[in-house]
Amino acid sequence: MKKIQLVIALSCSILVGFKVYAAQYQVIELPFTELGDSASPTDINSIGEVTVNLVNKYNPPIDISLLNFDALSIYLTDVESAKVGDFNDEDYAFLYSYIQSSAENQLYQQISALNAYIATESDAEELHGFDIFDSETDDYTNSAYVSAQGINDFGYAVGYSHDGFYTLDYINEDIDDITYVLNDFYVRGFAYIDGDKVALPPPETTAGGLSYAFDINDSNQVVGFGTTELVSEAFAQSVEDCANDDLRGDVPEESCLRSLSIDLNTSVSTISQRRGIIWQVDERGSIRDTYVLAMLIAPESDDETIYSSTAVAINDYGVAVGESPGYYFDTTTVTTSAAIYIDDEVSTINQDEEVYSSTATAINNDNIVVGYASKLVNGSLVNKFFVHDVDADVTEYPDDFYTSANSYATDINDQNMIIGYGESEFTTSGTSRTGAFLYDYRNDIFNEINTLIECNSAYNIVEAQSINDDNTIVATATVTEASRNLSGEIIYDDYGAEVETTHYVAVKLEPISGGSIDNCDALEDEVLRQGGIIYWLLLLIHVGLLRLYCVKKPKLNS
């Protein structure tokens, strides 16, 4: 018996004696599991506040007053309960899908598929954008698509949002009573300053115009882009016709304008000029200035071409980056080029005949710009991330996952640590796998982020979106967790087991003090080796117990 106890003790000591491997980053999932299907972060500030976008928020409100139950009755399992808003799981899911299939139809309820938040590790505060507060339900209608894009060190966030939808009753010429579901503009940038929403309209607001906001610095300069000049005379005439009872048709004026705002969004490249914009917002939430940025191309006065430029990031000194129409190398062929906006001047990265287009995505306070370029590599066009030093006027393309891999830089901090994502490897099926990366520009060290977290982590980091000066990263990861229904309740199979699914989650990657990269191959080898030892030990235990049983077993009476 003592021998068996010794064997058991030895096996236990081996089990607890596995080497402890220290990673460089700890993965912390942000608190969105019970709020919606999937989440992805966009930015992080110096105190760890994160802007996050949530896809398919649970418990969406359904307006039964806008449903035709006579037509829907054949599809519902419990019509009478549905008529009073008491939906079972099957009918709730069906009605939600039915409504979503009629997005932008003016006769149907509109339900947002994207909601924005400012999150910490333990809490998430929703940003409602231009959604409408319903006094009858004492809640927002959840009708406006809202996307958060950036946050500064004061916690002021920016993004863009659809206008909230309202209902309008109209009696047509046939004496039909029709309820329209409408809003007054398609999409508009916003800033949240001390909790108060600030609208960031474009210079050109015909049919509502279009504007987007992407980043805000600590001086409350917001960058984005918007409509600046209406080009289409036919579109302008259509807007005027909406005010004419005899020309717009048998619909309310608001419906006519709503149709045109949809057309503007769909066909803006033929209707209006769009330019990168800086909005200067003060701490009281007032817009002090709206500054339209120049382009790499300066159109002649008779040039009727419609151009589009953007600004997506800005440092604390007011230097913005994005993209602008530019000329390909030494030709007159127009392409898209990374744009660096300094005061009234605009410049681009160094480009040769192998670079066909480029986009700048971020800039730090040392004027180091990152982005990606479409360039010729071994005879094929691929996207490669670049690093551009504005002051030295030097552009570099660091080595990434492998020669033919696409890679995209998304952010850089003041420590010159760069993050992004790309094709990390080819799978056995011939497709590529996406992985996030961290690149140390000072020391020219490139790592896939999945190698910087613990071995056998439940999380697969696929995209890194932002990094602060503490080197804390926010990223999108895939993880396999319990499936949930539209109400956010866990789904179980017929045997009572949780149904699992792989979905996207927002994670924060915290640096581990004194951490080092795990040697996951060595760990796997050790697990296999130790597992083999344990197998033989367990076999010895089994033999020992069997021998003990045979020795102690009493003889049967004959």
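pLDDT is the predictor's confidence in each residue, from 0 to 100. This is a predicted model, so to speak: local features need pLDDT of at least 70, side-chain atom pairs count only at pLDDT 80 or more, and totals for chains, interfaces and linings use all residues. Numbering starts from 1 along each chain as its sequence is written, and side-chain values use heavy atoms, with hydrogens and water left out.

**View 1. Confidence along the chain, with two low stretches.** The protein chain has a mean pLDDT of 91, and 88% of its residues reach 70 or more. Residues 1-21 are another story: pLDDT stays under 50 there, and the model gives them 22 contacts (heavy atoms within 4.5 Å) beyond four places in sequence. Over residues 533-558 the pLDDT is also below 50, with 13 contacts in the model beyond near neighbours in sequence.

**View 2. Thr 227 in strand β15.** Strands here are DSSP runs of E with at least two residues, numbered from the N terminus. β15 covers residues 221-230 and includes Thr 227. Thr 227 is buried (under 20% relative accessible area, 1.4 Å probe, protein chains only), at 1%. A polar atom of the Thr 227 side chain sits 2.7 Å from the backbone oxygen of Glu 204. Leaving out residues up to four places away in sequence, Thr 227 touches Pro 202, Pro 203, Glu 204, Gly 209, Leu 210, Val 268, Ser 272, Gln 273 and Arg 274.

**View 3. The β10-β11 hairpin.** Strands β10 (residues 166-171) and β11 (residues 177-182) run antiparallel and are joined by six bridges; two strands pair if DSSP finds at least two bridges between them. Zoom in on Thr 167 and you'll find its bridge partner in β11, Val 181. Five residues separate the two strands, and Ile 175 in the turn has a positive phi of about 65 degrees.

**View 4. Phe 329, a positive phi in a loop.** Most residues other than glycine have a negative phi. Phe 329 is not a glycine, yet its phi is positive, at about 45 degrees. Look for Phe 329 in the loop between β19 (320-327) and β20 (334-342). With a relative accessible area of 38%, Phe 329 is partly exposed (between 20% and 50%).

**View 5. Asn 456, a positive phi in another loop.** Asn 456 has a positive phi near 60 degrees, and Asn 456 is a residue other than glycine. The loop that holds Asn 456 runs between β29 (445-448) and β30 (460-467). Asn 456 counts as exposed (over 50%), at 73% relative accessibility.

Conventions
Helices (H or I, at least four residues) and strands (E, at least two) are DSSP runs, numbered from the N terminus. A polar contact is a pair of N or O atoms within 3.5 Å; within protein, one must be able to donate a hydrogen and the other to accept it, and residues adjacent in sequence count only if both atoms are side-chain atoms.
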